[in-house]
Each structure stands twice: as C-alpha cells, then as structure tokens.
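Biologist: I am new to this structure. Please take a close look at its aromatic pairs, and set them in their surroundings.
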Amino acid sequence: TAASTPADTNVTPDQDVAVREVGRSSTAAGAEEFMRIFILETMMWQRTERLALELLGQLHTGDFVLGPRLVTGSLRVCCGILRLYQQREMEAGFVSSALEPMNAMWKNITDKPLRAKVSWDCHLFALQCMRKRLLANKEHAGEQEEDLEAKADIPSEICASVEDRALLGLVELVEYVDISRASPNWAALLIRMLLLCGRKQQAHEAFVTAFPLSASVQLLSWDQAPATVVPTAWLADVAEHLEGSRVLLRVLQQYADMRAEDFCDIVEHVLLARYKSSPHCASVILSSELVDGIVGACFSAGQKALAPRPPVQLDEMPQEGGANLPGCSDNGSAAQRDRCPRHWEGQHILWRLRHLGTQVFEAAFVPQQGFLPHHWPDTMLDPPEGATGHDESHKVTVGGVGASLSCAQQQESWAGERACQPEPLVIEVSGECLWDVGLLHIDCLRTVMDAGRANPQEPILHFGRRVIMRHLWHSHKGSYCAVPK
C-alpha cells in the first residue's frame, strides 16, 4: 500500500536495503542450520543401522532369533536382518540345519534369556514388518499376542484402503515372503506390490493360485478402488472356477465405457476362447441379461459400419424395397437400434464387433432362450447344492409352451415336442426383443438351426421355431386363419 512506502515511514533507501540483506542472511542461516541438523541425524541413523547389523553378524546362529523386538527397527535394518538371516541359513548347510533344532533346544534349556521366546521364519517376520508400517497407530502388544497377530490375516478394510504409495515403500520385503503361504488379504496386497515393482510373471502366478480362495484377489480384476488392477487377460487362466465366471461378468458390465479394442480382446481371447467351454459359463455369463445387451451393441455396430450416418436418417430411407441393410430388418425405431457406444468408431473395429457379436449370439442362443423375451435369472446367486450346468432353480417365462416352468420341466416339453406336427403351433407374442427392433435378422438362424439339426436332443430347434413364428407375426401383412380354442 501507499503507507508502506519508505517516504511515508521515514525509512531511507539505504536502511531498506540493509533490512533486506539482514532478512536474506537470517533465512540462509536458518536453511544452513536445518541442513546441518538433517545431515547429522541421517549420519546417526546410518551409523546405528550399520552397528546393529554388525552386532547381529557376530551372533551365534542359534542366538539369531527373528522375533517381535526386531520388527520395531527401521525398514532398512529389517531388510538387512532378513538378508543376514537368509545368508546364515545358506551357510549352515544341510548337516547343520538338521542339527539346528537340537542346538536350539539345548540353548533354550541352558540360556534362560532365550527360553519361551517367539521365533519366526523370514516369511512371518517380513509380513509382520509390513503390518507394523501399514497399521502405524496400533498399540504395542506382548510377544505372544504379536505371534498370533503375525500368523493371522490382515483386516479386509486395510487391504481395500491401502494406497499404492504405501505399498511402494515395502516392496523390498516381498522377496522374503512365500506367497503360496500368504492369507487371502495378504495375497492381494502382495500381488499389487509385485505389479508395482514390475514382476508381472510372479504376480500372474500368485493371482492364479490365490484367485479361487481370496475375495480380495478377485476384486483386483474389476474393482477400480485400488489404484493397481490386474490385467483382464489373466482371467483366462481361472476359467474353471465359478468365481472366474462371476468376475468376468462384472468386467463385461463395464463394456459401454471400454475402448472398442479392449472389449473385443476380452470377448475374443477370454470369453470365447477360454470361458465358452467352461462348466459355469452358460449358467453365469451366457444366460445373463448383460449378454443380450452385448449382442445388441455388437449388431448395432455392424449397422453403423454399413451405414455410417446419423441414426435419424435411417427412418427416412425408402422402405418399399424391404430392409435396406443386408442382414437387418427395418422394424423398430432408430433409437432402439442404436445401441453401439458412440466412442466405438472405425470400420475395421465395427466389423470386428459384428463378427464377435455373431459368435456370442451362436454361443448364447440356448442360454438366452433364442433371445426372445423372458425373465433373466440373477446369475450371481449361488446355485443349489448338487446343481451343475444350467441353473435349474430359477423360473423363466417364455411366450408359448413351457411358460413359467423350471428349466428341467421345459426340457421335458422340448423333448416331447415333435419336429413336424399337423397341429398348429400357437405362440403368445409379448414383450420386446432384439428380433423386434431389427438388430437380429432371421438370416442369423441359418448356422444355429444347422447345429440344431445336427443335435436334435438339444433345445436349439425349439427356440428356433419360436423365433420364426415371432418373425412371421411381425412381418406378415395378410390375415391369419382363426384358430379354434
């Protein structure tokens, strides 16, 4: 302000310069004093760590016990202790290792300070070092309590909330941990730490081993809460597990937000290549409502590739010649047909989506009950005890024969239905499906019906006939014969 100028405060320019010089010198002196104290403390810690490791190096192997008291040191000292302990074990050799329990027992009898002390191996010691730093505010407990704590799993809330920067400071301890012995929550943290330090192959192997037993490891595949998420391609190696199908279903639920290339890779290399033949894929993934949306989006991408123009113009095209796009009918509004996410672009990508959509359509034709309107079951529920393959506990509602019957009862109706019969096949048309809006065309049934004729014991022809009848009901322009009741 104007009042703070030298003229108003009666301060000469020379006095103002002197004051500023004094301020600079005091600031520099303060910074120099801070650095001097910082360097002194650093040197003290380094000397202390060096002396601690030298003292441990002079101990007898039987006196070198990994216990709770050593965990309280700095991380560098803990890593040095583990390194020295492993070196001692390697130098001991087979004969010394065989006699070590006897030596330890004798020392515990004769040396009272070592009697009844907690002794850990490298695995438990490293895990307890991590626990102490992840739970920094935890109160100190007795040795027996810490022994029980070291052998227990880390709490789930800590496993879910710990950040990557906290794990990065502990990556030096990972090499001393046996991941095959890790508890479920510890396994998830160790896999994240392996990914952070670039050891992807070891993380992949640990993921496959711990996946069926650890819910925290399963969350790493689809939950975006932790900053580190495992690649979706790793799910291909756990396809035989029920949890693998459920996790893949959760991953596919985010298909509208994925890049088209990533979505195609998941469908082609994971779902179709590995999961399609797994025992749980049909009942968990292919029979879910999500697959109906995926097939609709893929076929909508095919329409987008054939007619790359705003969807509103499709309704304005002449209709007297029938469907203007090969393989697509002209039923349904443009909004109903436009299910392809707007960021899925590029002719080669759109054609790949259409091709993969056709493969998913053929694989899911029976689990989706011909993609006709029906009640989709909650595939995330646990199947009843003894149930395999298709989930027989859920009720389905299909327009026509077998409505509101269980899958087992419907299979009986499919087996009793004749391929050719003089009586009319009466189907009640209700609801709306991909056939009605024009995303699926009757030509899509060619390959499916060929497979049904090759396997007449399967319900493929059963659903195929109903699709044909529904198509005739929507496209027939004449009058129907009255059917006596």
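Modeller: Contact here means heavy atoms within 4.5 Å. Among contacts in the protein with a separation of 6 or more, 74% join residues 24 or more positions apart. This is a predicted model: local features need pLDDT of at least 70 and side-chain atom pairs pLDDT 80 or more, while totals for chains, interfaces and linings use all residues. Residues are numbered from 1 along each chain as its sequence is written, and side-chain values use heavy atoms, leaving out hydrogens and water.

First, the frame. The protein has 21 helices and two strands (DSSP runs numbered from the N terminus: H or I of at least four residues, E of at least two). Of its 485 residues, 39% are buried (under 20% relative accessible area with a 1.4 Å probe, protein chains only; exposed is over 50%, partly exposed in between).

Now the rings. Rings of Phe, Tyr and Trp (its six-membered ring) pair if their centres lie within 6.5 Å; planes under 30 degrees apart are stacked, over 60 edge-to-face, the rest tilted. The count comes to nine aromatic pairs. One of them is Tyr-255 with Trp-344, a tilted pair at 6.3 Å centre to centre and 50° between the planes. Tyr-255 sits in the loop between helix 12 (242-252) and helix 13 (260-275), and Trp-344 in the loop between helix 16 (334-337) and helix 17 (347-363), so this pair ties together parts 89 residues apart in sequence. Tyr-255 counts as buried because its relative accessibility is 14%. Trp-344 is buried too, at 0%.

The rings of Phe-361 and Trp-435 give another pair. Their planes stand at 70° and their centres are 5.9 Å apart, so the pair is edge-to-face. Phe-361 is in helix 17 and Trp-435 in helix 19 (residues 434-437), so this pair too links distant parts of the chain, 74 residues apart. Phe-361 and Trp-435 are both buried. They belong to one aromatic cluster with Phe-299, Phe-365 and Phe-371.

That cluster leads to the core. A nonpolar core is a set of buried Ala, Val, Leu, Ile, Met, Phe, Trp, Tyr and Cys residues joined through side-chain atoms within 4.5 Å. The largest one has 108 residues, and Phe-365 and Trp-435 have the most contacts inside it. Neighbours within four places aside, Phe-365 is in contact with residues including Phe-371, Trp-435, Leu-445, Val-448, Ile-460, Phe-463 and Val-467. Gly-370 and Gly-464 are among its contacts as well.

One ring meets a charge. Arg-250 lies over the face of Trp-222, at 4.8 Å from the ring centre (the rule asks for NZ of Lys or CZ of Arg within 6 Å of the centre and within 35 degrees of the ring normal).

Another tryptophan turns up beside a serine. Ser-287 lies in the loop between helix 14 (281-286) and helix 15 (289-306). Ser-287 is buried, with a relative accessible area of 7%. Not counting residues up to four places away, Ser-287 touches Ala-282, Pro-367, Gln-368, Trp-376, Pro-377 and Thr-379.

Last, a helix with a tryptophan in it. Helix 9 (residues 184-196) has eleven of its 13 residues buried, so it is largely enclosed by the rest of the structure. Trp-186 is one of the buried residues, as are Leu-189, Ile-191 and Met-193. Their cover includes helix 5 (122-134), helix 7 (156-161), helix 8 (164-168), helix 10 (200-210) and helix 11 (215-219). After helix 9 comes Gly-198, with a positive phi near 85°.
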